[in-house]
Amino acid sequence: MTIDDIKAVGVAGAGSMGAGIAQVAAQAGFQVKVVDVSEAVWGRAEKTIAKSLERMVKKGTFTEEQGKEILGRISFSTDVASLAGVPFIIEAVFEDAGVKKELFGKLDAVCGDDVIYATNTSSLAITEMAALVKRPAKFVGMHFFNPVPMMKLVEVIPALQTEAATTALALEMAKKFGKTPITCKDTPGFVVNRLFVPYILDAVRLLEEGVASAEDIDTAMKLGCGMPMGPLEFQDFAGADIGYHVGNIFYEYMKEARFAPPGLLRNMIKAGYLGRKTGRGFYDYSEEKK
Ligand SMILES: NC(=O)c1ccc[n+]([C@@H]2O[C@H](COP(=O)([O-])OP(=O)(O)OC[C@H]3O[C@@H](n4cnc5c(N)ncnc54)[C@H](O)[C@@H]3O)[C@@H](O)[C@H]2O)c1
């Protein structure tokens, strides 16, 4: 199968990532079939995509007519069987090994022998997931970034079992979506998070050691390195619980101290200071929350 044989793309999960992936696939001219658990979720996804396309029309990226055509290429269902016959399926359901395993079991029951499965997982091992499906040679990681329509990078991660043709097709697919792909081995964090996670954790450690205040650490990285957001602002945005969880996953695998979440992060979780979502993290958002 070559990229030109592929006319339709399947997307499992219509959350923040799935909706974005469906949008870029439709923009690339594919018919897109999206599966999620309820109509309420698709409704939200459809609105998000429509708004994003509207902004692109206003910017002159597409005409209004083209925007409508793109949206018209996306269809939604709650039934995994609606993906039968779709040759390339991208999985973007909850980051939960059990949920993903169940979904791939259902897909295996309805999909043909040539189907390619790509997973957008951020922290689960691609090789372990490939071992769960009927045709591991046709399983690959495609790690997109949030928000998908804006972020140009896709990390393509072959599992140990992935055949070269599958990786090549995933690279082509990312390019068709208007992205710049890179390839990397199946290791925790791939390239971006392997570098980014210890950077964020180190910023928490600097604060813990009293090297500088949260404001000064963030100002330093924004003005000294041109970062759009300081590391502690980012941690508040993502949530202390997420940072702690991801750090632990990496540490379990690598056993390197730089991945171990600092005690301050653990204590913040105990205190309920998770960041923006609870109104307090390294900064106070209580006024904003009101
Ligand atoms: N959010 C990010 O910044 C980001 C970035 C890169 C990769 N990822 C990865 O993308 C995946 C999805 O993340 P997200 O942030 O979009 O999550 P999300 O919670 O926004 O969306 C997940 C969606 O999956 C749906 N879902 C759950 N079980 C399902 C099933 N059995 N069948 C169909 N749909 C099901 C949920 O209803 C939900 O709409 C995760 O693996 C995550 O690690 C996330």
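**Figure 1. The open sheet and its strand order.** In this predicted model, 8 strands form an open sheet in the order 3-2-1-4-5-6-7-8, and their pairing is mixed. The edges are taken by strand 3 (74–77) and strand 8 (180–183), each of which has a single partner strand, so that one side of each is left without a neighbour in the sheet. On average, and with direction ignored, neighbouring strands of this sheet are turned by 25° against each other.

**Figure 2. Strand pairing from strand 5 to strand 8.** Strand 5 (residues 116–119) runs parallel to strand 6 (residues 139–143), and 3 bridges join the two; within this pairing, Ala118 has Val140 of strand 6 as its bridge partner. The sense then changes at the next pair, where strand 6 and strand 7 are antiparallel and pair over 4 bridges, with Gly141 standing opposite Ile157 of strand 7. Strand 7 and strand 8 run parallel and are joined by 4 bridges, and here Val156 stands opposite Thr183 of strand 8. Strand 8 (180–183) is also one of the edges of the sheet, where a single partner strand is present.

**Figure 3. The surroundings of the ligand.** The ligand is surrounded by 22 residues, of which Met17, Asp36, Glu95, Lys100 and Asn120 are the closest. Oxygen atoms of the ligand are approached by both backbone and side-chain atoms: a backbone N or O atom of Ser16 lies 3.1 Å from one such oxygen atom, a polar side-chain atom of Glu95 lies 2.6 Å from an oxygen atom of the ligand, and for a polar side-chain atom of Lys100 the corresponding distance is 2.7 Å. Taken alone, the ligand exposes 830 Å², and the protein buries 78% of that area. Two or more residues of the shell around the ligand are given by helix 1 (16–27) and by helix 4 (97–110), and helix 4 gives the most, with 3 residues.

**Figure 4. A salt-bridge network that includes two residues of the ligand shell.** Glu91, Glu95 and Lys100 are linked in a network of salt bridges, and both Glu95 and Lys100 are also among the residues closest to the ligand. Within the network, Glu91 forms a salt bridge with Lys100, in which the closest N and O atoms are 2.5 Å apart. Both partners of this bridge are buried: Glu91 has a relative accessible area of 0%, and Lys100 counts as buried at 3% relative accessibility. The structure as a whole holds 12 salt bridges.

**Figure 5. The salt bridge between Lys138 and Glu163.** The side chains of Lys138 and Glu163 meet in a salt bridge, with a distance of 2.9 Å from N to O. Lys138 lies in the loop between helix 5 (126–130) and strand 6, whereas Glu163 lies in the loop between strand 7 (153–158) and helix 6 (164–176), so the pair ties together parts that are 25 residues apart in sequence. Lys138 has a relative accessible area of 19% and is classed as buried, because the class covers values under 20%; Glu163, at 32%, is partly exposed.

**Figure 6. The salt bridge between Lys277 and Asp241.** In the salt bridge that Lys277 forms with Asp241, the closest N and O atoms are 3.0 Å apart. Lys277 is placed in the loop between helix 11 (263–271) and helix 12 (286–289), and Asp241 belongs to helix 10 (residues 240–254), so the pair ties together parts that are 36 residues apart in sequence. Both residues are partly exposed, Lys277 with a relative accessible area of 44% and Asp241 with a relative accessible area of 26%.

**Figure 7. Two loop residues, Phe259 and Pro228.** Phe259 has its place in the loop between helix 10 and helix 11, and the residue is buried, with a relative accessible area of 0%. Its C-alpha atom is 9.0 Å from that of Asp202, a residue 57 positions away in sequence. Pro228, in the loop between helix 8 (214–225) and helix 9 (231–238), is by contrast exposed, with a relative accessible area of 81%. The C-alpha atoms of Pro228 and Ile49 are separated by 25 Å, the two residues being 179 residues apart along the chain.

Notes: Residues are numbered from 1 along each chain as its sequence is written. This is a predicted model: local features need pLDDT of at least 70, side-chain atom pairs count only at pLDDT 80 or more; totals for chains, interfaces and linings use all residues. Side-chain values use heavy atoms; hydrogens and water are left out. Two strands pair if DSSP finds at least two bridges between them. Axes are lines fitted to C-alpha atoms, for helices over the stretch in contact, and angles run from 0 to 180 degrees between N-to-C directions. A salt bridge is a side-chain nitrogen of Lys or Arg within 4 Å of a carboxyl oxygen of Asp or Glu. Buried means under 20% relative accessible area, exposed over 50%, partly exposed in between (1.4 Å probe, protein chains only). A residue is near a molecule or strand if one of its heavy atoms lies within 4 Å of it. A polar contact is a pair of N or O atoms within 3.5 Å; within protein, one must be able to donate a hydrogen and the other to accept it, and residues adjacent in sequence count only if both atoms are side-chain atoms. Accessible areas come from the Shrake-Rupley method with a 1.4 Å probe; for residues, only the protein chains shown count as cover.
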